[in-house]
Structures are given as C-alpha cells and as structure tokens.
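Colleague: I should like to go through this structure step by step, and to hear for each term how it is justified. Please begin with the term that describes how far a residue is open to its surroundings.

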Amino acid sequence: MQFVQGPLLYGLIALAIPVIIHLFYFRRFKRVYFTNVKFLKEVKEETSARRKIRNLLVLLARLLALALLVFAFAQPFLPQDTEVKKGAKAVSIYVDNSFSMSSLSQDVPLLDKAKERAREIVSAYNVEDRFQLLTSDFEGRHQRLVGKEDALALIDEVEVSPSVKRLSQVLVRQKQALQSSQNDEVLSSYVISDFQKNITDLEEFADTTVSISLLPLISVQERNIAIDSCWFDSPVQMKNQTNPLVVKIKNYSQEDAENVRLALKLDGQIKPVGTMNVPAGKTVTDTVNVTILRNGWHKAELTITDYPVQFDDSYYFTFNVADKVNALVINGAATNKFLSAAFRGIESFNIVNKTTQNLDYSSFSSYDLIITNNLGSLSSGLNFELNKYIKNGGNVLMFPSGSANKDSYNAFLDGVPANQLGVNEKSERKVASINTEEFVFKDVFENKSALFKLPVSQENFVISRFSSRGEESLMVYRDGSTYLAKYRAGQGHLYLCAAPLNPEVNDLVKNGEIFVPMLYKMAISSARNNKIAYTIGKDEVLERPNKAIGNEMIYKIKGEKEEFIPEQKVVGSQVILGMNNQIKDAGFYDLYLEKGKPLGVFGYNFDRRESELQYVSTEDLAKLTQNNPAFSIVDSSKNANFAELIKERSSGIVLWRWCIIFALIFLAIEALLLRFWKVD
C-alpha cells in the first residue's frame, strides 16, 4: 500500500489522545449506595471486569476510527501492474482515425469504439488534470493541453480521415505536447489504434520519460483488393500514338480474387479494360494502351470492383501532352541546313536558331532540347547556364567544332560531370553499333537486326573513358570507342557527339532513319520523375513554370468540393506550391491564376498504406515493447467498468473512501458501547 499524501501520516500521533482520555476519564471513582454490604465485594469485582472490557473496546474503536481518518487524508492506494506516480497529471490520448478504423468491431466501427474509450480515459482522471487529444491529422489545435470538458468536446469532433501516421511519429508528437506541461506533472500517453503492421514501429521509440499505454482494438478481417499505382512506359506522352500504361493491382487478403474488373475513364469516357485474377497476398501488373487524340491536360481514372473496402478502388492521375516540342540550336557560324530540315520533318517540333551573340539565357527553361552546333568555345556564362539548365531537367546535345577550344569544353564537361574531349583524330571511322536498349533508340526500329547505314566520320575527338562519369554509350565505333554518349546530371541529360556536325566530316545528318528519331527522343527524354499522381497526406510539392506577374496574382487550387490557396514560393522561373494537408478528398484538382484558365491538373489519391488490413496481435505488441519499460498494454476488450480500470492504472486501487466508511463504523460502535453497555 502507498499514500498520495504520506506526510499526513504524522497525524497518527493523535492516537495518544484517546489513550490519555482513557487513562484519566475512566479511572474516576463513582459513589454507589448499597442497602446490604454483604455482596459488595462480588459486585465490585464483577462491575470492574465488565467496565474494563467495555472501556478497552471503546478505546479500540476510538483508536481505529482516528487512525482511519488519518489514513483517509493521506489517501492510501494499492498500485496495480503499472507504476503509479503521484501528483497532477498531463495526459495525451491518440485516437487513430485513419480509414482502417472504419472497419467493424462486432457491430460498431472501430472509430466509435476508440472515441468511447477516449471518453472513458478522460473521465477516469481528476478535474485538475490536463489533456491532449491527437489524431492522424496532426492538427495544430491538437498540439496543446486542455481541460477535461474541452478534451471531451474534441473527442466528439473526431471523424475518419485519409491521413496516415506511423506510431513512432505519433509518440514523438505526444511527447512534444506533454513536455510543454508544468514540470511537476506526471506525463502519460494513450495510443488507441488497430495497430496495422505497416504503421506499428514502436521499437523505434526509445524514450522512457513518458508512461505509454497501448489500447489495441480488434476488427473483423476484411477482404481487400486495391489499385496500388500506375505509370507510363514512356516519360513523355505523345499525341496520335499508343502510350502503354502499366497498372499495378495488389490483393491484401488471404483469399484469391477472381474476375476483378478493371476500367479506365479518360476525359469522361469509360473504356472497359478486362478482368484479371489476383492471387492471395500477391501483386499483378497489367498494361493498358492509351491512345491520345488531342494536346493539353488529360484526366484519367482507373477503377476496379471490390467490396467492402472501397476507398482504394479508384486511382486518379493526370498527364499533359504538349502542343509543341521546342528546340534551340546555338550555332557557332552558319545555320546547319540539314539540322533545320530534320526538325521541319517533325510536325510537333518548333526550332529556333540563334548565335552566341544574341542568346537570352532566361529563356532556356522554355526549351525541351538545346543543341550546340560548331561552337569554337564555351564562354563562362554559357557554361554556367547550360549546366544549370541540365540539372533542372533540360536536355543538351553537343556537337563540338573541329577546331574547338578543348579547355573551355572540358571545363563545362567537368561540371556535368562527363568524360572529356581528347585529341582530334582526322581519320575515317565507322560506327559499328547502336544501343537499341536505351530510351533514345528503343522501339525506333521495327527490325533491330536489319542492315541499315550507320554514320561515318572523317574526324572525331577521342572521348576519355572514366567509369566514374556514368557514361552510357548510344553509338560506338568499331574499336569500341564512343561516337555518341549520354550522361545524366541532376534531372536532365547531356548528349555528347565525338564528331562535329559538319556534313563534310560527319554524315549523321544524312542518315534520316537514325538522325530524325534520335532528335525527337532526345527532346522528350527526361531524368525527372514526371509524376502523374500524388498521395493525400504526404509532404509533396507541385513545381510549375511561374506565370504570375507581380505579387498581386495568387495561385489557387480548386477541387470538386473545395478551393484553397496553397503555400507559394517562386524560385527562378519556377513556382513551388505546398499543399500543407489541405487536400482531404481523392480526385482532380486544378491550378489556376485566373478562374476558368487552368495552368495544370493534378490527381490525388488516398494513401495505400491503409489498404493492408494486417494487424499486430497483442502478443506481438508485447514483444515489440518488451525492451522499453515505459510501454504497457491495456486490454480494451473489457466493456464493463473500463473507466475504473484506467483509474486504477493511473491512481491504483483507491482506499480513502473505505477508510472513511470504516471510521464511521467504529465511531458508531463506540457510541453503541457507551449507550447500551451499562456497567453501573
């Protein structure tokens, strides 16, 4: 047994008072008259014995009553399986309100059960204790301690949310709120969740300053199949062509799923794709051929048939087909007529020819491909701007001049980094092979084994071969040296040709079956991850070309049900937009400066972590937390007197009420002894 107010036990000294009263009051003599003194001795002896017994019983009753009153003020309690700490308490309660909590627990959703448990926890504490309510939304208003009535009101407002948080993040957030409490408060936290396996990482939390109680809720196991993700085979989607879309579908249940129907809704038109079988616990992929008939932004939605868990049965994505592919050719001298003719043969290309004297560096970001043709040297300014352009996702194709200043070129190549230009060998050399597995030449030739004319050069620079530069050979000479190389830098690519583009020394421009598709694929290639879909709740930003003029124009995001202003930051020619968890519903969202003129369309989907309805059992929870004494597990399946259970865990079995009851009983016994036990 322990005491909340231990120093009050010094009040037991007051037990001397009944003893003193007994010694002095009950020893007083009384005069008794007898008519016959014959039996005086017998009466005296009998009366004295009865009085002594009664007085001892009265003394005992008084001592016990007084001792119990002292114990009552000292507030005794019996500690339970967890350590009971004394003093005012700061309590944090996490209610998992993710999608999985909408599953049923017997006859009610888990979230309703969780809210009921949270109310009972709050009710089990005293009025002077303070509380934090935390949900998966991590709202700012939940990051503070409030009183008992406010905590109960916040619990009533909790609803199912698409947000998903790992439990280690939850515990860190709870600790931050509790540390803002007063120094003398006892810190406790409760985690009410279904403890899905993909969010339960309690072993990563090592803090022991906060007492953590885990309340697992058990749901009925559900069958669930979800569209996990999708992506295009090609980094850029093209008009009037078949664009393969890969769809990934996962079966999260332990039963095989047969005849799962998959459909694609593109720009409002539904196209049934077919059915598929998904083995239990497995993932399957399917390819959907998407034919695009117009330029601009496209909205697409993939759907499957599944019941009862349906939040992950749709997948929204968007993509943009550009009207034109813009290319800039920087010429060292005259314009290369063969190069211009090659671009004119591609309908969707727009070519701009400029010299180094009339370049506008600020316009580089508007081009998909920049070609340097026959430049004698690269100035430091052009060097810097080309490197910046590549790292931001641009593509550069470089044909050096035969009389190039190698030092200026190599300074640029070092910054990429790429292999350097060596000696210029003036001898005829023939290209031996093309890398048809790389994106530039992949799917270009129907018959890869066909004999077609390969480029021949009369002079070429020897390109160094440092493996650390990450070179990928696209075309090589017969001796294995590089004719055309590719280097990845940041989000873009550098393509370096060993020979000048002068048709007198390099007949690449005369090989249309190679040169034209090569230019096209280089322009649309990208190392940047062109996202076609985003996940609600993840800290993802949108990056778009900045179209705002001045500070008065504000970007806005508009969905089917909501419209808001995102966080906006202009970096160079780009604007970075932060959502800050303002998107709550899956669907399409338009970005615009002026109403009715969207600058982009984005598809948002619910987090698929909630799709995996696999839970950590109570036994496994105990194993995960066995090395941290701060953790304890509460059996929340006990429906009766759950609040009393929490109260006993936080305060132990309280005994002061029993002390008062027994004190009153002993006082009553004393009164009865004095009133009805006559010894005179």
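Modeller: A residue is called buried under 20% relative accessible area, exposed over 50%, and partly exposed in between. Please keep in mind throughout that this is a predicted model.

Colleague: What makes Asn581 count as partly exposed?

Modeller: The relative accessibility of Asn581 is 36%. Partly exposed covers the values between 20% and 50%, so Asn581 belongs to that class. Asn581 is found in the loop between strand S32 (574-578) and S33. Its phi is near 60°, a positive value in a residue other than glycine.

Colleague: Why is Asp267 called partly exposed?

Modeller: Asp267 has a relative accessible area of 35%. The class in between runs from 20% to 50%, and therefore Asp267 is partly exposed. Asp267 lies in the loop between strand S11 (257-266) and strand S12 (269-278). Asp267 also has a positive phi, near 55°, and is a residue other than glycine.

Colleague: Is Leu359 buried or exposed, and how do you know?

Modeller: The relative accessible area of Leu359 is 17%. Buried means under 20%, so Leu359 is buried. Leu359 lies in the loop between strand S17 (349-355) and strand S18 (369-375). Leaving aside neighbours within four places in sequence, Leu359 is in contact with Leu328, Ile330, Lys354, Phe364 and Leu382. The C-alpha atoms of Leu359 and Leu382 are separated by 9.1 Å, and these two residues are 23 residues apart along the chain.

Colleague: What makes Val108 partly exposed?

Modeller: Val108 has a relative accessible area of 29%. Since buried requires a value under 20% and exposed a value over 50%, Val108 is partly exposed. Val108 is found in strand S5 (residues 108-109). Not counting residues up to four places away in sequence, Val108 touches Ser103 and Lys113. The C-alpha atoms of Val108 and Ser219 are separated by 9.7 Å, with their positions 111 residues apart along the chain.

Colleague: How do you know that the buried residues of H4 line one face of the helix?

Modeller: In helix H4 (residues 148-156), the residues Lys148, Ala151, Leu154 and Ile155 are buried. Seen down the axis of H4, these buried residues fall within an arc of 120°, so they line one face of the helix. They pack against helix H3 (110-123) and strand S6 (130-135).

Colleague: What makes strands S27 and S30 the edge strands of their sheet?

Modeller: The sheet is open and is formed by 5 strands in the order S27-S34-S33-S29-S30, with mixed pairing. Strand S27 (534-535) and strand S30 (563-564) each pair on one side only, and they are the edge strands.

Colleague: How do you know that S27 and S34 pair, and in which sense?

Modeller: Two strands pair if there are at least two bridges between them. S27 and S34 have 2 bridges, in the parallel sense, so the condition is met. Tyr534 stands opposite Tyr604 in S34. Strand S33 (residues 587-594) and strand S34 (residues 597-605) pair in the antiparallel sense over 7 bridges. In that pairing, the bridge partner of Tyr589 is Phe602 in S34, and Glu594 stands opposite Lys597. The hairpin of S33 and S34 has 2 residues between the strands, and Gly596 there takes a positive phi near 90°.

Colleague: How many cavities of 30 Å³ or more does the search find, and which residues line the largest cavity?

Modeller: The search of the whole structure finds 1 cavity of 30 Å³ or more. The largest cavity has a volume of about 40 Å³. The residues that line the largest cavity are Leu171, Gln174, Lys175, Leu178, Ser189, Phe205, Val210 and Ile212. Helix H5 (residues 167-178) gives the most to this lining, with 4 residues. The lining divides into 5 nonpolar, 2 polar and 1 charged.

Colleague: Which peptide bond is cis, and where does its proline lie?

Modeller: A cis peptide bond joins Val416 and Pro417, with omega about -5°. Pro417 has its place in the loop between helix H8 (406-415) and strand S20 (421-425).

Notes. Residues numbered from 1 in each chain as written. Predicted model: local features only at pLDDT ≥ 70, side-chain atom pairs only at ≥ 80, totals over all residues. Heavy atoms only, no water. Buried < 20%, exposed > 50% of the residue type's maximum accessible area, 1.4 Å probe, protein only. Arc of directions from axis to C-beta. Contact = heavy atoms within 4.5 Å. 1 Å grid on protein atoms, 1.4 Å probe; cavity = no way out; pocket = protein on both sides within 12 Å on 5 of 7 lines; lining within 4 Å. Points joined across faces, edges and corners; volume = space filled by probe spheres on them. Nonpolar A, V, L, I, M, F, W, Y, C, P; charged D, E, K, R; others polar.
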